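I opened a fresh page for this one and went through the model a piece at a time. Here are my notes, in the order that made sense to me.

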Amino acid sequence: MAETTRRSSGAATTASASSSSTTLSPITQIAQDHIFSILLLLPIDSIISFSMTCSRFRSLALSESLWEAVCRRDWGTAAVDALKSSAEATNCQQQLSWMRLYKQVRQLDSVSCHRLSDPDVGMVLPKARASHSLNFVSDCLVLFGGGCEGGRHIDDTWVAYIGNGFRRTLRWEKIASGIPTGRFGHTCVVVGNHLVLFGGINDDGIRHNDTWIGQVVLHRTPGFAVSWRLLELSSAPPPPRGAHAGCCIGNNSMLIHGGIGPYGHRLGDTWVLDLSENLRFGTWREVVMTNPSPPPRSGHTLTCIAGNRTVLFGGRGLSYNVLNDLWLFEFSGKCSNWVQIVYDSQTIPGGISLPRVGHSATLILGGRVLIYGGEDSERRRKDDFWLVDVGAITPVSPVMNVWKRLNAKGYKPESRSFHGACTDQSGRFLFVLGGMVDGDVRPAEPGGLRFDAELFLAELVIYNCDTEEE
């Protein structure tokens, strides 16, 4: 009898174990490295939901290794590597939490401004200017050209080494003058470790359509140099112009749109420069568009947001009106097209102030576009920061939650337009230099315009090594 009882009990236990194994989710049979790869294919909300519902893999879904990989996926390897280098340089590596950092980037609501240039320290600084170019390449800020008092062009090139993070005081080095020839209203974009410069206007009002390649070179003595050379073209370039917009697109191409052509006519054409792998040769081609496409304008911006997608914003139109329209350009070899992103500015707090010309629009950490400054149709200059969340853009019209105004903390720079702006490799630090600011009204300066030489930094308020997560 006892033996029969033991056999019945053992059979029940075996049946129970068998039943339990058959009710296990198939996902538990998948190796962790495969789960890791699957999670990297999911949107953020799905990863978080998975961590809350699947206790077996919760530690994996919340692991630093996974979230660092997510940051690399969504922000790019260069940005993540730059953030890690900056954290190591400031002894913050142990407190760096990728999941917390990702959350704070998504919830970004403010920037902190710091003044970097100080004319009282006896250093040689670039002169006041506007409509110049400012780029971050090879760990350096590179400044070229612009216009100054009296409508005169400038032909100098300056370099300031940044490295990892930012420094309160930068040391500018004047590299050369005369090459390229002086101009303002040109475009200069970063392609790999090179600069690609096109067009611009000189102080005689002549529009250019030449294309230049620049590269930062480090010498033991006297230090940095920038080599410029005229690009060899295998096709006719775009018509001469200035005050156009341009950006890098794809791996080895530059996109330009609009501007002011000969005789002061505003343009609405779109051109692509395809560069050879070694950047020795280039081919310009006009992108033939079908309606709709952005109407002619100048003083607007183009910002590459990912691969072959570009955002256009604002500018001054044919009737001298200042615009606030937003367009998305999707570029491919076979078919490229513009799509207008329709939004209701009346539903945006402060949205009535969105129209602007002479602003900057820069891709920042997290894949969003940061718009700063500019001026309206009455030449009132601005000092506000706006985020364009390109991830919120959908085929549904009008789109919602695309715009967000950021708070500005710390140093308060003057309102400005036609300044230069760029981010460092991480996308966390925005450098802003020069532009037109408010000044005393003088007969020779209609509206009280004044050229500025100030350099300041706007830091995304997303992470502090000395504070714990709230």
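**Backbone oddities**

I started with L279, which I found in the loop between β15 (266-275) and β16 (281-286). I should say at once that this is a predicted model. The phi of L279 is near 60 degrees, a positive value in a residue other than glycine. Most residues other than glycine have a negative phi, and most peptide bonds are trans. I then looked up whether L279 is buried or exposed. With a relative accessible area of 5%, L279 is buried, because the cut-off for that is under 20%.

A243 gave me a second case: its phi is also positive, near 60 degrees, and it is not a glycine. I placed A243 in the loop between β12 (232-233) and β13 (245-249).

My next stop was the peptide bond from I179 to P180, which is cis, with omega near -10 degrees. P180 sits in the loop between β7 (172-177) and β8 (187-191).

**Strand β28 and its partners**

Which strands pair with β28? I noted β1 (residues 110-115), antiparallel over five bridges, and β27 (residues 429-438), antiparallel over nine bridges. In the pairing with β1, R115 has F456 of β28 as its bridge partner. On the β27 side, L433 stands opposite L455.

I also checked burial along β28, which spans residues 449-460. I found that 10 of its 12 residues are buried, so the strand is largely enclosed by the rest of the structure.

L455 came up again when I looked at L125. The C-alpha atoms of these two are separated by 9.9 Å, although they are 330 residues apart along the chain. L125 belongs to the loop between β1 and β2 (133-137), and at 26% relative accessibility it counts as partly exposed.

**Nonpolar cores**

I turned to the largest nonpolar core, which has 40 residues. The members that touch the most others are W67, W75, W98, L365, L370, F385 and L460. Helix α5 (residues 64-75) gives the most to this core, with five residues.

What does W98 touch, leaving aside residues up to four places away in sequence? My list reads E64, W67, E68, C71, V80, L83 and K84. Apart from this core lies another, of 20 residues, with V311, L326, L354 and W386 among them.

**Salt bridges**

I counted 25 salt bridges and picked out a few. R241 and D269 meet through their side chains at 2.8 Å, N to O. R241 lies in the loop between β12 and β13 and D269 in strand β15, so the pair ties together parts that are 28 residues apart in sequence. Both R241 and D269 are buried.

R428 and E459 form another, at 2.9 Å, N to O. This pair links distant parts of the chain, with R428 in the loop between β26 (420-423) and β27, and E459 in strand β28, 31 residues away. R428 and E459 are both buried.

I also traced a network: salt bridges with shared partners join R115, E414, R416, R450, D452 and E454. R115 is also the residue I had noted as the bridge partner of F456.

For contrast in setting, I looked at R380 and E378, whose closest N and O atoms are 2.9 Å apart in their salt bridge. R380 is partly exposed at 48% relative accessibility, and E378 is exposed, with a relative accessible area of 55%.

Technical notes:
Residues are numbered from 1 along each chain as its sequence is written. This is a predicted model: local features need pLDDT of at least 70, side-chain atom pairs count only at pLDDT 80 or more; totals for chains, interfaces and linings use all residues. Side-chain values use heavy atoms; hydrogens and water are left out. Buried means under 20% relative accessible area, exposed over 50%, partly exposed in between (1.4 Å probe, protein chains only). Helices (H or I, at least four residues) and strands (E, at least two) are DSSP runs, numbered from the N terminus. Two strands pair if DSSP finds at least two bridges between them. A nonpolar core is a set of buried Ala, Val, Leu, Ile, Met, Phe, Trp, Tyr and Cys residues joined through side-chain atoms within 4.5 Å. Contact means heavy atoms within 4.5 Å. A salt bridge is a side-chain nitrogen of Lys or Arg within 4 Å of a carboxyl oxygen of Asp or Glu.
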